[in-house]
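Here is a short report on how two protein chains meet and how their charged side chains pair. Keep the structure in view as you read.

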Amino acid sequence: MDFLFLYETFVTLISAIPTTLQLAATSVALGTVLALGLALCRLSGIAPLDWFARAYIFIFRGTPLLVQIFLIYYGLSQFRGVRRSMFWFILRDPYWCAIIALMLCTAAYSAEIIRGGLLSVPHGQVEAGRACGMSRFLVFRRIVMPLAIRQSLPAYSNEIISMVKATSLASIITIMEVTGVAAKLISETYRAIEVFIVAGAIYLAINFLLTRIVVLTEYRLSPHLRQAPSLQPVAAGEMK
Amino acid sequence: MTQPSFLDLIGSGPDGWGPALAAGAMMTILIALAGYAIGMVFGALGAWAKIAGGPVARGVAGTYTTVLRGIPDLLVIYLFYFGGSTVISAFGHLFGASGFISFPGFLAGALAVGVTSGAQQTEVFRGAYKAVHAGELEAAIACGMPPFLRFRRIIAPLTLRYALPGMGNVWQIVLKESALVSITGVVELLRQSQIGAGSTGRPFDFYFIAAMIYLAISTLSGALLQFSEKQFTRGVRRG
C-alpha cells in the first residue's frame, strides 16, 4: 500500500470537509423547521393542512433524492418565469439548489419522527400544564416540545447521519464536497480503492462523532432514567 | 417549430418518449431486484456470522455493517465502478490485453446496491431471529430435528415472517438507491430522463415524470409487500 498517496489524498479531501458539513448542517437546520411545521399540520386536525402534509411526505419519501435534486437544479430552469424571477440568483446556484433539495427531503422524513415524538407526550403532562394555568402555547413550549425532542432524539440521529451521507449527491451537480473531490481524484489517478478508503474513513469519522454527540445529549436530557448516584457505605469511624 | 405538449412527450407518438421511459423503468426495477437479491445473500451471511459466528466472523460482520451504513452509497458505487475497472484492466494486462477495460455498469451498480443494502438486511435478519421464541427452538430439538431440518422448518419461516416489515423498508431504500446507478451510464429511468431532458430541452417535464414513475413503483410494491405481510401472518393473533 502506498502510504504517501493515502496521505496526499487525505490532505486533499480534508479541504472538502467544511463544504460537506455546511451542506448537512444548513439543510438539517432548515429541514427541521419545515418538519416541525409539517408535523403540526399533520396533528392540527384541520383536514386540508393534514392532507397537504400527508401528500408532501408521501411524495418526498417515495422518490429518489437525486431526482428531486435534478428537478430543482435542472428542472426549474425550464420555465422563463423562474429564470426572470427574483429567486433566480438562488436557483441558479448548485450549492443552494442542493441545500433546498436536501432540506425538502429531510423535512419529509423528520416530520414523521417529530410527529411520533409529539404523540408520545403523555396526556397527563399536558393536562397538568393546563391545570397550572399555562396557555396552549406555553404548554407546547415548556412541556410538549422538550419531551418530544427527548423522545425523538434517537430516531433523529439516524436522520442526521443519513443526511450527512446524502450530501454526497450534491457532487453530481458539480459541488466539490468530499465525494466530489474523491470522484475527481479517482478519475485523475484511477486509484479508486485507495481514494475510497480515505473518503470512507472521513465519512465514518464524521458519523461516529455525530452519534457520540447525540448519545451524550440524550444522556444529559434523561437524568430521570439513570440510577441515582449511590452513596458509598462508610463505616462510622472512617468519616472524614 | 412548435413545442410538443407534455402528453406528446410522454406518449408513444413520433415525439413520444413513452416506450423509452418504460424501458428505463424496467431497467430500474431490474437493477433494484438484482441489488436486492445480492443484499439478501449478504444479509443472510452477515446475520449468520453475527448470531452463530466465532469472534472473527462476528468482528468481520460488525465492521461490515458499521462501515457500509456509515459511508455514502454514491462512494460505494464509485468504488465498484472505477475500482472494478481497475481490477479488470489489471487482469486483462496479465492475459495480454492492453488499454482500459471498463467494468459493466449494471454489474457494478447491482453489486454496490447489494453490498450496501446487505448491511441493512443483516440487522433486519438478526433482529427477526432474536424475535423467534426460544421455546419453539427447544420444541424442535425435543422432537429430535437435526440442525438443518430445524433451520428449514422452524428458524427460516419464522425469521422471514418477523423480517418482512424490515425487508419491505430495505426494498424501498434499494429502489431509490438504484437511481444512483445512473452515474455509471446504465440507461435506467433517471438516465433515460436525463437523455430526454438533454435532447428536448425540457428537463422539468422529464424529471417530473421520472419522479411520478418512481412514486408509482414504490407505491405498488409497497401495497404488494403489505398484502404479503398479511398473507404470511395469518396465523398470528393480533392485539
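K184(A) is partly exposed, with a relative accessible area of 44%. This value, like every other in the report, comes from a predicted model. K184(A) has a charged partner. It forms a salt bridge with E188(A), and the closest N and O atoms are 3.7 Å apart. E188(A) is exposed, at 52% relative accessible area. Why do these two residues sit about one helical turn apart? They are separated by that much because they lie four residues apart in helix α10 (residues 178-189) of chain A.

**Salt bridges**

Side chains of opposite charge can pair when their charged atoms come close. Over all chains, the count comes to 10 salt bridges. The table shows three of them.

| Pair | Closest N to O |
|---|---|
| E188(A) and K184(A) | 3.7 Å |
| R54(A) and D50(A) | 3.4 Å |
| K50(B) and E123(B) | 2.6 Å |

Look next at R54(A) and D50(A). Their side chains meet in a salt bridge. Both belong to helix α3 (residues 47-62) of chain A. They are four residues apart there, so about one helical turn separates them. R54(A) is partly exposed, with a relative accessible area of 39%. D50(A), by contrast, is buried, at 15%.

The bridge between K50(B) and E123(B) links distant parts of the chain. K50(B) lies in helix α2 (residues 18-52) of chain B. E123(B) lies in helix α5 (residues 105-131) of chain B. How many residues apart are the two? The answer is 73. Are K50(B) and E123(B) buried or exposed? Both K50(B) and E123(B) are buried.

Some salt bridges share partners. In this way R42(A), D50(A), R54(A), E112(A) and R115(A) are joined into one network.

**Where the chains meet**

Now turn to the contact between the chains. Chain B gives 36 residues to it, and chain A gives 34 residues. Together they bury about 3100 Å², with 81% of that area on carbon and sulfur atoms. On the side of chain B, L75(B), K176(B) and F204(B) lose the most area to chain A. Together these three account for 19% of what that side buries.

How many salt bridges cross this interface? The rule finds zero. Polar contacts do occur: six residue pairs, both at pLDDT 80 or more, make them between chain B and chain A.

Which elements of chain B give two or more residues to the side that touches chain A? They are α3 (55-70), α4 (73-94), α8 (189-200) and α9 (203-232). The residues on that side divide into 22 nonpolar, nine polar and five charged.

One residue of chain B shows a contact across the chains. S182(B) is in the loop between α7 (147-177) and α8 of chain B. Leaving aside its neighbours within four places in sequence, S182(B) touches L66(A) from the other chain. Its contacts in chain B are E188(B), L190(B), R191(B) and Q194(B). S182(B) counts as buried because its relative accessibility is 5%, and buried means under 20%.

**Cysteines**

A search of the whole structure finds zero disulfides over all chains. Take C41(A) as a case. Which cysteine sulfur is closest to the sulfur of C41(A)? It is the one in C105(A), 18 Å away, so the two are too far apart for a bond. C41(A) counts as buried, at 16% relative accessibility. C132(A) counts as exposed, at 63%.

Conventions
Residues numbered from 1 in each chain as written. Chains lettered and ligands numbered in written order. Predicted model: local features only at pLDDT ≥ 70, side-chain atom pairs only at ≥ 80, totals over all residues. Heavy atoms only, no water. Contact = heavy atoms within 4.5 Å. Buried area = accessible area lost by both parts, 1.4 Å probe. Salt bridge = Lys/Arg side-chain N within 4 Å of Asp/Glu carboxyl O. Polar contact = N/O pair within 3.5 Å; in protein donor to acceptor, adjacent residues only side chain to side chain. Nonpolar A, V, L, I, M, F, W, Y, C, P; charged D, E, K, R; others polar. Buried < 20%, exposed > 50% of the residue type's maximum accessible area, 1.4 Å probe, protein only. Disulfide = S-S within 2.5 Å.
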